[in-house]
Amino acid sequence: MSDPVRVLTTLAKALSAMGLYTPGHPAREKALDVAYDELTKLQADDPYAQFSFLGDEVVYGQSALREIGAWDWGRKLAAAGVQRLEFVEAVTREEYAEFIADLLARMSPTPGATSTAEARPGRRQRIRFGAIGIRGEGASPHETPRPQPGASGIAYDLGDEADAVRWMHDEVATRGELPLMEAEAVVRSLAVAMHGDSQMVLPLVHMKEFDQYTTTHSLNVSVLTMALAEHLALPARDVRSFGVAGLLHDLGKVRIPKEILVKPGKLDEKERAVMQRHPVDGARIIIASDKNLDLAAVVAYEHHIMLDGGGYPKPHFGRCCHHASELVHVCDVYDALRTHRPYRAAWESAKALAYIEERAGTEFEPKVATAFVEMVRKWDERVATAEGGTAMGQEASVITSES
């Protein structure tokens, strides 16, 4: 059993003991002693230990703890708003005992139970915890929980998610490292927004400036891909993994010079060749970052390959693209057509959908294209009905919000 696993298992035993025994009871104190001893050993090797709890996955740093499996306590912690847990300096036993008591209060089913951390804000800076994907005060990015969407299901603010994606791209560009946990967290946050008010909506992000295109486009393609995967009744695990692939499909663009990426006009031959390298670059970045992201790497490589073999990069031999690539491809094109660019105005939804229908069987896989058009037209009708045909004063085919 690894040191990180021992820290978690003894933490769980301490939580159980504190729930069963009163302060000062020998069994309670022994469980706390053992848990603190394991944390001290871990911090001797890793002073800045970090754990993340994502569904059935428990992650230490950037590595999944496979030996712990589907840890029930991980799900309980995440449900209590503790998706990330960080020990940023050497922790005292008193601080660890207070922290465990706070966790127990957060997970308590007793009405009115409160965390003592909320009563003493800022006292315990060496232990940080909160939700992944949201920027917190005075801590590493993405710690504090975000309020849930309103009952109307339309007042979304995806600014935190956009900030997280921009930060991810900066990390890849400057350090060559892909923060997988942030990518997973953004996709989970988008999935929550999609299902506001118990009904699926598509909260796309508006681009305020042209140089934000890669960020907003990545978010939108992720949302559209997950919505399409659900529309096709794919398993929940596929919906999530396809969403991550959609979020990362254009990651290779971090290696494109900005003057080419934001050029307000058509690219010349040399510039186009540079631009068309981004699928290969993206796949290489993803593969080098995490061996468990094979699907995202495949999608990054294939998302510009057409059904009839056109597009880029040119495969060495003819083959079918992965089903995830087929979904991301159609979502990628739709969002690109629906976005204002310096050299053309955004297309209306009807025009973009007509293009996809026309290219089904040549550029797009026919069943995927048909399902996408069916899904978006249904949302066009729903938005038109709900908003009196104005869609919140916009022509968008889906409910949107600005980043």
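User: What makes strand S1 largely enclosed by the rest of the structure?

Analyst: In this predicted model, five of the five residues of S1 are buried, so the strand is largely enclosed by the rest of the structure. Buried here means under 20% relative accessible area, and the residues that meet this cut-off lie on both faces of S1, with Gln-50, Ser-52 and Leu-54 on one side and Phe-51 and Phe-53 on the other. Helix H1 (residues 3-20) lies across S1 (50-54), strand S2 (57-60) and S4, and runs at about 65° to S1.

User: How do you know that S1 is paired with S2 and with S4?

Analyst: Two strands pair if at least two bridges are found between them. S1 and S2 are joined by four bridges in the antiparallel sense, and in S2 the bridge partner of Phe-53 is Val-58. S1 and S4 also run antiparallel and are joined by three bridges, with Phe-51 standing opposite Leu-85 in S4. Both counts satisfy the requirement of at least two bridges, so both count as pairs.

User: Why are S3 and S5 said to stand at the edges of the sheet?

Analyst: The sheet is open, with five strands in the order S3-S2-S1-S4-S5 and antiparallel pairing. Strand S3 (63-64) and strand S5 (127-130) each have a single partner strand, so one side of each is left without a neighbour in the sheet. For S5, strand S4 (residues 84-87) pairs with it in the antiparallel sense over four bridges, and the bridge partner of Arg-84 in S5 is Gly-130.

User: Why is the pair of Tyr-334 and Phe-372 called edge-to-face?

Analyst: Rings pair if their centres lie within 6.5 Å, and planes over 60 degrees apart count as edge-to-face. By this rule the count comes to 10 aromatic pairs. The centres of Tyr-334 and Phe-372 are 5.1 Å apart and their planes stand at 65°, so this pair is edge-to-face. The pair links distant parts of the chain, since Tyr-334 belongs to helix H14 (residues 323-337) and Phe-372 to helix H16 (residues 366-386), 38 residues apart. Both Tyr-334 and Phe-372 are buried.

User: What makes the rings of Trp-347 and Tyr-355 an edge-to-face pair, and why is Tyr-355 called partly exposed?

Analyst: The ring centres of Trp-347 and Tyr-355 are 5.9 Å apart and the planes stand at 80°, so this pair is edge-to-face. Tyr-355 has a relative accessible area of 25%, and because partly exposed is the class between under 20% and over 50%, that is the term which applies.

User: How do you know that Lys-351 sits over the ring of Trp-347?

Analyst: The charged end of Lys-351 is 4.3 Å from the centre of the Trp-347 ring, and the distance cut-off for a charge over a ring is within 6 Å of the ring centre. Lys-76 likewise lies over the face of Trp-73, at 4.3 Å from the ring centre.

User: How do you know that the span of helix H6 agrees with the expected value?

Analyst: The expected span is 1.5 Å times one less than the number of residues; for the 17 residues of H6 (residues 159-175) this comes to 24 Å, and the end C-alpha atoms are 24 Å apart, so the two agree. Buried residues of H6 include Ala-162, Val-165, Met-168 and Val-172, and what covers the buried residues includes helix H7 (180-194), helix H8 (213-231), helix H9 (236-248) and helix H12 (278-289). Just after H6, Gly-176 takes a positive phi of about 70°.

Key: Residues numbered from 1 in each chain as written. Predicted model: local features only at pLDDT ≥ 70, side-chain atom pairs only at ≥ 80, totals over all residues. Heavy atoms only, no water. Contact = heavy atoms within 4.5 Å. Axes fitted to C-alpha atoms, helices over the stretch in contact; angles between N-to-C directions. Phe/Tyr/Trp six-rings, centres within 6.5 Å; stacked < 30°, edge-to-face > 60°. Buried < 20%, exposed > 50% of the residue type's maximum accessible area, 1.4 Å probe, protein only. Lys NZ or Arg CZ within 6 Å of the ring centre and 35° of its normal.
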